[in-house]
Amino acid sequence: MSRAYIRFLDRRLVWVALVLTLITLVCGAGVWKLLGGDLLPPTADSLRHLKLRIDTSDRQFLAAHDPDLQAYQESTRIFGDDRFLVAVLEFDNVFTPDHLALISRACSALSRLPGAKRVTSVTHEPLYSGAAQSLANAQIATRLPKTQAEADRIRDQVLSDSTFVRNLVSADGRYAAIYVRTWPHVRGPELDFLVRRFKQTLQREARNVPVLFAGNHIQTIELHEATLREMKRLLPVTAVIMAIVLALIFHSWRGVGLPLVTMALSLIWTFGVLGWAGVSLTPIDVILPTLLMTLSITYSLQFITRYYQVMEEARPTDKVSCCELAAEDSFFALFIAQFTTIIGTASLCWTDIPAIFQFGAISALGTVFTAVLVYTFLPAAQLVLPMRPRRRRPETSWMERISRRAQGFYLRKEMTLSVAFGVTAVLALGLFALKVENDPKTFFKSDSPIRQAFQTIEDKLGGALSISVVVDGGRPGAMKDPETLRAIESLQTFAEQQSPVLKTISFVDTVKRLNRAVHGDSAAFETVPESSDEISQLLLLAAIGDDPANIDRLVDYDYQHGRLEIRVKNVDSKSLLALASDLQSHVDRTWPRGLHGTVTGDHYMTCRANSAILTGQVRGFLGTAIVVFLVMWICFGSPQIGLIAMIPNVAPILSVLGLMGYFGVRIDVGTALLASVALGIALDDTIHFIIHYIRNIQSHPHGRRAIHNVVGGVGRAMVFSNVALAVGFAVLILSTFQPVRLFGLFMLVSMIIACFDDFVMMPALIGWMPMVGVWEQWRIKFKSDVTQIPLFARMSPADIKKVVSMGRMLTLPANARLMEEGEPGAELFLILEGSVTVRKNKVVVTMLGRGETVGEMGLISDHPRSADVSADKETTVLAFGYEALERLERRYPRLAVRLLHNLSTILSRRLAATTELLK
Amino acid sequence: MRTFGIVWIFCLVLSCAVRATADALDTTAVRALMEKVDRNLYPDDEIDEVSLILIHPNGQQRQWRIRQYYQRAYENGMGAILLRFVDPTDLHGTTLVSVNQPGGENNQWLYLPAFRMPQFLADSRKSDYVFGSDLTFEDFTPCILDEYDYAFVREEIFAERHAIVIRKTPTAPKLQSRVKYAYQMLWVDPDRNIFLRADFFDSIGQMYKTVTWGDFYQPDRIHWRARRVAFFSPLRPHWTQLSVEDIQLNRGLPAEFFSERNLTNIR
C-alpha cells in the first residue's frame with residue numbers, strides 16, 4: 001500500500017505542490033490574523049504592532065458550571081469587576097502641594113483610559129470629616145492644597161483615617177498607591193492594552209518619581225510576556241541549533257532543510273487555522289510551538305533517516321524505489337505513533353475546562369497536520385530532489401556498538417531490568433518530595449521590579465491582590481440591619497488575624513466612618529449604629545458627592561448583598577485556598593441564620609484557575625496515558641503487552657518528576673506540561689521500536705538478532721531525533737526566565753532518560769516478554785480449518801489465540817534453515833503458512849505443511865535436534881518454547897493440558913506411523 | 001433634464017432659505033429663545049412630587065418618592081431647592097436644602113432624622129450627584145444667560161416635534177471649575193419653550209449624560225412641564241427615571257422656607 005501511495009504521489013507531484021502551497025498561503029494569512037494583522041498590505045507600523053495575544057481570563061480554566069465561577073460571575077454582576085491594577089509612587093513626602101497635584105493629575109489621566117472604570121488614590125477617595133453641625137465628604141482632588149500648611153493639614157486628616165492608611169498611603173506618608181478598577185468586559189487583549197497604557201500613562205505623569213507596578217493581572221501579563229519573549233528569543237536559536245545538529249548528522253542540505261521546513265509548515269498550518277477560527281490562545285497553548293517542533297522533528301527524522309538507510313543498504317536504482325522502500329519501512333510505525341498521539345491529545349478534549357479542551361483540540365490538530373506533511377511534503381520533496389547519498393559515512397560502527405550493547409541487555413534481561421527499574425525507582429522516590437503548588441511570583445527574580453512592587457505594597461500599603469466574601473442577607477434591606485453589619489465586622493476582625501491578610505475593606509467601614517463624621521468626628525462613634533434607620537441614612541449620605549458609585553462595589557442597590565474585600569499577600573495558591581477555606585468555615589460557623597457568605601474574588605479565582613489548570617494537566621496526562629495504554633492493548637492484542645509497552649513511556653516521566661522533587665522544583669502550570677511533551681517523544685520511540693522488532697522477529701527467529709537489527713536500523717533515527725531535540729532544547733537553559741529555563745533543563749533530562757529507556761530497558765523488556773501483536777495473528781490468516789490443526793484440536797479460536805500469543809511468530813524466507821541437526825533446541829514449531837522439508841544426513845525424510853508440527857522433542861525434553869529442517873518457500877511458523885509452555889500452565893492450566901494432550905496424540909500417531917514403517 | 005434643473009434650483013433656493021434662517025438664529029433669535037425657555041422653566045417658585053427610579057447597570061433599582069421645592073431669586077438669577085424624602089420609610093423626613101450663592105457656590109444642609117441634627121455639607125458642589133442619582137445640583141439651577149454662549153447648530157425633528165439644536169457653552173470664569181460639562185447640546189422646542197433633550201459633554205468631548213423630557217402638559221395653562229424625565233449617564237453607566245406629579249407653580253414660598261432652621265420643622 002505504501003509503495004502504491006508513493007507511486008501515486010510521484011504521478012501527482014505538481015498537484016501536491018500546488019495544494020501544499022495553497023494551504024500554506026491560506027494558513028499564513030491566518031497566522032497574520034492571529035498576530036493581530038489585518039488583511040491589508042502590511043506597513044512598517046502594522047508589522048511593529050504584530051503580537052501574539054494570550055487570553056488570561058480565569059473563565060478559560062474553569063468549567064462553566066463550576067460553582068465558584070458562577071458565584072464569581074454573580075458577584076461581578078452585582079458589584080461590578082473587583083479586579084484592579086496598582087501602582088506605587090515613592091516620594092519623600094506624599095503631602096506636598098506638588099505631589100498631591102501630581103497624583104491627582106495622574107488619576108485624571110488614568111480615568112480616561114479605555115477599560116478603566118474607577119480610579120482610587122489618596123486624592124481620589126472621599127475623605128469624611130465632621131465638626132459641630134458640619135460634614136465634609138470631598139475628595140482631596142477637588143480642593144488641592146496650594147500651600148504646604150494646607151497640605152500638612154490634609155496629611156493629619158488622612159493619616160488619622162483608617163480607610164486611607166496602609167491602603168492608599170503608607171503610615172509614614174512616603175508611599176502612595178493608585179488603584180485602577182476595570183470594567184468586567186475588559187479581558188484578554190483589551191486588558192493587556194489597558195495594562196500597557198496604565199504603565200505608560202503613569203510613567204509619563206510621574207516623571208522622575210519612582211513608580212512600581214503590581215496586581216494580579218500585571219503579574220499574569222508579565223509572566224506571559226516574559227514567557228513569550230523568551231520563547232520568541234530562544235526558539236529560533238533552538239531551531240538553528242537543531243539545524244546545526246542535523247547538518248552534522250546528515251551533511252546535506254535536505255537533511256537539514258526538510259525537517260525544518262516540515263516543522264515550519266506544521267506551525268504555520270496549525271496557527272493559521274487558529275487565526276481563521278478567531279481562537280484566542282490561552283497560557284497553556286504557549287507550549288504548542290515546542291510540542292509541534294518536537295513532533296515534526298521526530299516524525300520527519302524517522303522518514304529521512306530511513307530514506308538514507310535504504311539508499312545505503314538496499315541501493316535502489318531510482319528515487320521512486322528508494323522512497324517506496326523508506327515509506328514501506330517507516331509509514332506504518334509512523335501512522336501508529338501519530339494515531340496514538342492524536343488519540344492521546346484528543347482525549348484531553350474530554351473535559352469541561354475550556355482551556356484544556358482547546359489545548360487538546362489544537363494539539364490533535366497540530367499532530368494531524370504534522371502527519372499530513374510527513375506523508376505528503378517529505379516524500380514529495382524526496383521525489384523531486386535528485387537521489388544523492390549522504391556525504392557522511394554511515395554511523396555503522398557506533399550504531400553497531402549500541403546494537404551489541406542492546407543485545408547484551410536483551411540477554412541479561414533480569415540484571416538489566418533490575419538496574420533499570422532500580423534507577424527509575426530511586427529517581428521516582430523523589431516524587432514524595434515533589435510539591436504541587438503554584439506561586440507565580442517565584443517565576444521572577446527576587447530583585448525584579450514586580451517582586452519589589454509586591455514587597456513594597458505589602459510592607460507599606462494595603463496589598464495588590466484581593467479576594468472577596470459576598471454576603472447574602474436573604475432579603476432586600478438586610479444590609480441595613482445592625483446585626484448583619486456586626487457579623488461582617490467580626491469576619492473582618494477574624495480575617496485580619498490571618499497571616500496572609502493585609503487589610504479588609506467593606507461598606508461597614510464606610511458606615512462607621514460616616515457615623516463618626518456625623519457625630520462631630522468623635523472616635524467613640526466609629527462603631528456600627530444601633531438602628532437600621534441610622535444605617536440607611538448614612539448609606540444615603542455616602543452616595544452624595546462627586547463619586548456616587550463610591551460604595552456600589554461594596555453594597556448592592558437592594559441592600560441584600562454586601563461585599564467584603566480582603567487584601568492579601570502574594571502567597572502561593574495552596575495557602576490562599578486554605579485561607580479561603582478558613583474564612584468560609586468561620587462564616588458557616590459563626591454567622592446568624594439567614595446570613596450567608598461565599599468566598600470569591602479575582603485572586604481567589606486566579607488561584608482556583610491555577611489549581612484547575614494543574615489538576616487538568618495532571619488529569620489530562622493520566623487520561624492520555626490511559627488512552628495510549630488502550631491503543632497499545634488493541635494494537636498488541638494483550639493487556640500485559642500493552643502495559644509492558646507503556647513502561648518505557650512512563651519511566652522517563654516518573655524519573656523526571658522524581659528529579660524535580662529531589663531538586664525542589666515544584667509542579668506548577670509551567671512544569672506540568674513537561675509530562676505531556678516527554679510522553680509524546682517517548683511514545684514515538686517505543687512504537688517504532690516495537691513495530692520494527694515484530695517485523696524483524698518474523699524473519700529472524702532469534703530475538704537477540706532482531707534487537708540488533710532494530711537498534712541498528714530504526715534506532716539510528718531515534719538517536720538522531722533525541723540528540724537534535726535535546727541539544728536544541730538545551731538552549732532554553734540559557735534563558736533568564738526561570739520557567740523557560742526549567743523547561744529546557746527537564747526536556748534535556750527527559751531526552752536522556754528516554755534514550756536510556758529505549759536502548760536499555762526496552763530490549764530487556766522484550767527479552768522478558770516476547771511480543772506477538774494482533775496483526776501478526778491476522779497475518780496468520782486463521783481460516784475455518786484452524787481447528788483442524790492437530791495441535792489445536794478441540795480448542796476454540798479464542799483458546800488458539802491465547803496459545804499463539806504465548807509463542808512467537810517467525811517468518812522464514814525460502815531455503816532458510818529452521819533447525820540444524822545436533823544443535824540444542826527448546827522450541828516446537830507449528831507451520832502456519834508455507835512448508836518445510838525435514839532432512840536426515842541430507843536425505844529428505846519428509847515434507848511438512850500447514851498445521852503440522854516439528855521439533856516436539858525440543859519442547860518436551862532438552863534433546864538435541866534430530867534432523868535438519870529448512871523452509872521450502874517463505875514460511876510462517878509459530879515457535880512455542882518451554883518458557884511459553886510454563887507461562888501457559890501458570891495462566892491457563894486447562895489449556896496447557898489440552899495442548900500437551902494434543903501433542904501426545906501427535907507424537908503417538910507419529911510413533912505408530914514409524915512403527916508401521918519399521919514393519 | 002428640465003425636471004432635473006427645476007429640482008436643482010428648488011434645492012438651491014431651499015438651502016439658501018435654511019441658511020438665512022440659521023444666520024438669523026445664530027444671533028438674536030437663539031438668545032431670545034433661551035430667554036423664553038428660562039422664563040418657562042424657572043418660575044418664582046415651584047412644588048412638585050417626584051418618583052425616582054434609579055437603575056443600576058446590573059438591573060437593580062432603587063425607588064424613592066421625593067417632594068421638591070424650588071425658588072428662584074430674581075435679584076441674582078439664582079435660587080434654592082429643598083428635597084424631602086417621602087418614601088422609603090427609613091429615609092422618610094431626610095431633607096436636603098441647597099441654596100445657590102451669587103458667587104457661584106451653593107450652600108447645602110442635610111437633615112438626617114435618625115441623627116436629629118442638620119449638618120452643613122462643607123464640600124458640596126453644584127456638580128455633585130444628588131443622592132447617587134444622575135441628577136446634579138446644577139440641573140436644578142437656573143442659569144444667568146449672560147454667563148453662557150449659545151450657538152445655533154441645526155434644526156431637526158426630535159420626538160415628533162420641531163426642535164432647534166443649540167450648543168450651550170459656559171463662558172463666565174467662575175463657572176469653569178463649578179460646572180462639570182464643557183458644553184451642552186440642547187434640543188429646544190420653540191413652540192413650547194421647553195427642552196426636549198440635553199446632552200452633556202466633558203472637556204475631552206465625551207458625552208457623559210443625556211436627558212430627555214416627555215409627556216408635556218401645562219399645569220397652570222401657562223408653563224409647559226414634562227411628566228416624565230429620563231437621565232442616562234453612559235460612562236457610569238446609570239439611569240434615573242423621573243415621574244413628576246402634583247406640580248404647583250408660583251405659590252409664594254417664603255425665602256425662610258429654604259433655611260436650615262426649617263429643616264427640622266418641615267412636614
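This report walks through a predicted model with two chains, A and B, from the overall build of each chain to the contact between them.

**The two chains at a glance**

Let's begin with chain A, which has 919 residues, 52% of which count as buried. Its secondary structure comprises 29 helices and 18 strands. Taken along the principal axes, the C-alpha atoms of chain A fill a box of roughly 140 × 60 × 40 Å. If you take the contacts in chain A with a sequence separation of 6 or more, 80% of them are between residues 24 or more positions apart.

Chain B has 267 residues, and buried residues make up 33% of them. Here the count is one helix and 13 strands. The helix leads and the strands follow, giving the pattern α-β-β-β-β-β-β-β-β-β-β-β-β-β along the sequence. Among contacts in chain B between residues at least 6 apart in sequence, 45% join residues at least 24 apart.

**A helix pair in chain A**

A good place to zoom in is the pairing of helix α10 (residues 288-313) with helix α12 (residues 354-384), both in chain A. Their axes lie 10 Å apart and the helices pack at an angle of about 30°. Because angles under 35 degrees count as roughly parallel, α10(A) is described as roughly parallel to α12(A). The crossing of α10(A) and α12(A) is right-handed.

Which residues of α10(A) and α12(A) make the contact? From α10(A) come L288(A), L291(A), L292(A), L295(A), S296(A), Y299(A), S300(A), F303(A) and Y307(A). From α12(A) come I362(A), S363(A), G366(A), T367(A), T370(A), V374(A), L378(A) and Q382(A). Sorted by class, the contact of α10(A) with α12(A) has 10 nonpolar, seven polar and no charged residues.

**Two open sheets in chain A**

Next come two sheets of chain A. One is an open sheet of four strands in the order β12-β17-β14-β15 (chain A), with antiparallel pairing. Strands β12 (817-819) and β15 (843-848) of chain A stand at the edges; each has a single partner strand, so one side of each is left without a neighbour in the sheet. From one strand to the next, the twist of this sheet averages 30°. Within the sheet, β14 (residues 836-840) and β17 (residues 868-871) of chain A pair in the antiparallel sense over four bridges. T837(A) stands opposite S870(A) in β17(A).

The other is an open sheet of four strands with the order β11-β18-β13-β16 (chain A), again with antiparallel pairing. Its edge strands are β11 (808-812) and β16 (853-854) of chain A, each pairing on one side only. β11(A) joins strand β18 (residues 875-881) of chain A in the antiparallel sense over five bridges. The bridge partner of L812(A) in β18(A) is T875(A).

**A covered strand in chain B**

Is strand β4 (residues 95-100) of chain B mostly covered or mostly open? β4(B) is mostly covered, with six of its six residues buried. T95(B), V97(B) and V99(B) point one way from β4(B), while L96(B), S98(B) and N100(B) point the other way. Strand β3 (residues 78-87) of chain B is joined to β4(B) by five bridges, and strand β5 (residues 106-112) of chain B is joined to β4(B) by six bridges. V99(B) has a partner in each: A80(B) stands opposite V99(B), and V99(B) stands opposite N107(B) in β5(B).

The strand pairs described here can be set side by side, together with one that links the two chains:

| Strand pair | Bridges | Sense |
|---|---|---|
| β14(A) and β17(A) | four bridges | antiparallel |
| β11(A) and β18(A) | five bridges | antiparallel |
| β3(B) and β4(B) | five bridges | antiparallel |
| β4(B) and β5(B) | six bridges | antiparallel |
| β4(A) and β6(B) | two bridges | parallel |

**Where the chains meet**

The contact between the chains takes 30 residues from chain A and 26 residues from chain B. On the side of chain A that touches chain B, α4 (67-79), β4 (134-136) and α18 (532-542) of chain A each supply at least two residues. The largest share, seven residues, comes from α18(A). By class, this side of chain A divides into 12 nonpolar, nine polar and nine charged residues.

Backbone pairing also crosses from one chain to the other: two bridges join β4(A) to strand β6 (residues 117-121) of chain B, and these strands run parallel. In β6(B), L121(B) is the bridge partner of L135(A).

Terms used:
Residues numbered from 1 in each chain as written. Chains lettered and ligands numbered in written order. Predicted model: local features only at pLDDT ≥ 70, side-chain atom pairs only at ≥ 80, totals over all residues. Pairing = 2+ DSSP bridges. Axes fitted to C-alpha atoms, helices over the stretch in contact; angles between N-to-C directions. Buried ≥ 20, exposed ≤ 12 C-beta atoms within 10 Å, placed from the backbone. Contact = placed C-beta atoms within 7 Å. Nonpolar A, V, L, I, M, F, W, Y, C, P; charged D, E, K, R; others polar. Parallel < 35°, antiparallel > 145°, perpendicular 65-115°, else oblique. Left-handed = near helix turned anticlockwise from the far one by under 90°.
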